[in-house]
Amino acid sequence: MTDSILVINCGSSSIKFALYPVSNPKQPLITALAERLGEQAPLLKIRGELNHTVSLPANADHQAALECFTEHSQPWLEQLQGIGHRVVHGGERYHASTLLDETSIQALDDLSALAPLHNPVNVLGIRLTQTIWPQLPQVAVFDTAFHQTIPAAAYLYGVPYDWYEQDGVRRYGFHGTSYRFVTTEAARRLNKAQSDCYFVIAHLGNGCSACAVAHGESVDSSMGLTPLEGLVMGTRSGDIDPGLIEHMQRSRGYSLADSMDALNRQSGLKGLSKLSNDMRTLLQAEAEGDLAAKRAIDVFCFRVARQFAALSASLPTIDAVIFTGGIGENSAMIRQRIIAAWKFIQFRLDDTLNQQHGDDMGRISQRGAPLVMVVATDEEAMIAQDTLELIQHD
Ligand code: ADP
């Protein structure tokens with residue numbers, strides 16, 4: 001067996017695993033997904049060198065899932081060298097990935113106030129793996145870190161300044177690991193130094209955001225204090241007038257918790273379409289004449305175009321508009337509609353290249369027209385590479 005690095009992405013009811021050989025931290029040996037944890041029928045699906053689907057006992061928790069994964073992947077874990085964790089919120093403290101010790105784990109726990117849905121489970125994942133492999137180095141890779149270069153004019157809200165000073169209220173930005181990967185990859189394909197690259201990038205998956213990159217660094221993001229701000233997403237509303245929370249309290253008697261639940265879980269594509277949070281389902285329904293699905297897709301695409309235009313305020317030029325994430329990488333139709341909705345710039349997509357998700361370098365625009373690209377993201381590989389780098393320099 002080979003030396004390996006384990007990447008763990010711990011969510012509220014799921015854990016994603018990816019195991020990489022140290023010799024090639026780009027191509028995983030094994031990937032796994034434990035889902036529906038804490039529910040009636042939790043499952044662990046392992047793929048790659050192993051191909052197993054295991055039913056976990058009802059209500060199995062994160063610990064049970066981790067133990068089940070370890071048991072089934074045992075031979076591949078014998079020469080584990082380190083573990084990399086996705087951590088959603090690094091606050092202003094973390095500008096880069098970090099080796100974990102007791103002090104930093106405590107700091108991540110303290111950041112839970114800023115990301116109550118995410119950081120507590122991320123810390124749980126770290127604690128659980130620490131129990132199983134107490135001797136191994138562990139690394140945290142933050143969704144927020146790449147955005148720590150955003151200037152104050154873009155990260156401050158127009159609210160009392162002491163909210164920022166005392167409570168950390170500012171825009172942080174998320175999906176940073178994805179943007180870092182895509183920026184590096186796009187610069188490589190364009191054969192340019194990252195310091196010469198100006199991009200607007202949309203990461204469109206279940207969660208959606210967009211980012212402006214200048215000289216290889218994030219200078220603005222559509223996401224804010226939490227991952228709720230910005231684009232319309234699968235079930236999240238994106239930008240709203242905060243006054244609507246008071247309105248819903250008056251008109252329907254909604255509590256704060258009711259409104260937050262609706263904005264996080266019942267809104268976005270799901271809420272607008274009354275059908276699904278899944279873009280494939282909506283595109284299919286629209287093709288069959290479902291006007292509610294069309295409405296949801298139209299809002300989704302317009303919001304991305306508007307966000308692209310807003311982000312371009314931070315850039316002196318745009319070398320490429322880049323699409324990534326499940327929707328961005330796979331839907332020619334959505335890319336085409338977003339580009340059509342951004343009327344100010346005369347983009348011209350090449351329909352054939354768009355249908356095939358790009359040429360060798362990911363280009364989907366016509367030659368001579370402003371460049372539009374598709375670049376598949378790989379957050380797990382980025383986490384594996386950061387982990388390897390930090391443990392090798394330890
Ligand atoms: P996550 O944010 O959970 O990592 P993904 O990046 O995998 O999610 O994106 C999931 C979204 O991508 C879903 O809305 C799904 O419908 C959409 N998607 C995946 N493939 C396609 C496709 N061929 N056409 C349109 N949408 C797609």
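Start by selecting Met-279, Leu-283 and Glu-286 in helix H11, then add Met-333, Ile-334 and Arg-337 in helix H14: these two groups are in contact, meaning heavy atoms within 4.5 Å. You're looking at a predicted model, where local features need pLDDT of at least 70 and side-chain atom pairs count only at pLDDT 80 or more, while totals for chains, interfaces and linings use all residues. Residues are numbered from 1 along each chain as its sequence is written, and side-chain values use heavy atoms, with hydrogens and water left out.

Now show the whole of H11 (residues 279-287) and H14 (residues 332-341). Helices here are DSSP runs (H or I, at least four residues), numbered from the N terminus. The two axes are 11 Å apart, at an angle of about 80 degrees; axes are lines fitted to C-alpha atoms over the stretch in contact, and angles run from 0 to 180 degrees between N-to-C directions. That makes H11 and H14 roughly perpendicular (65 to 115 degrees; under 35 is roughly parallel, over 145 roughly antiparallel, and the rest oblique). Colour their contact by class and you'll get four nonpolar, no polar and two charged residues. Nonpolar covers Ala, Val, Leu, Ile, Met, Phe, Trp, Tyr, Cys and Pro, charged covers Asp, Glu, Lys and Arg, and the others, Gly among them, are polar.

Next stop: H8 (residues 243-252) and H9 (residues 256-265), whose axes come within 10 Å and cross at roughly 120 degrees. H8 and H9 are therefore oblique to each other. Pick Leu-244, Ile-245 and Met-248 on H8, plus Leu-256, Ser-259, Met-260 and Leu-263 on H9, to see the contact. Six of those residues are nonpolar, one is polar and none is charged.

Hop over to H7 (residues 176-190) and H16 (residues 379-392), packed at about 85 degrees with axes 9 Å apart. So this pair is roughly perpendicular too. Thr-177, Ser-178, Arg-180 and Phe-181 of H7 meet Glu-379, Met-382, Ile-383 and Asp-386 of H16. The mix is three nonpolar, two polar and three charged residues.

Finally, zoom out and colour domain 1 (4-142) and domain 2 (190-374); these bounds come from an automatic or database domain assignment. Their C-alpha centres lie 28 Å apart, and four residues of domain 1 touch four of domain 2. About 290 Å² is buried between them, 62% of it from carbon and sulfur atoms (buried area is the accessible area, 1.4 Å probe, that two parts lose on being put together, summed over both). Select Leu-114, Leu-117 and His-118 last: in domain 1 they lose the most area to domain 2, together 79% of what that side buries.
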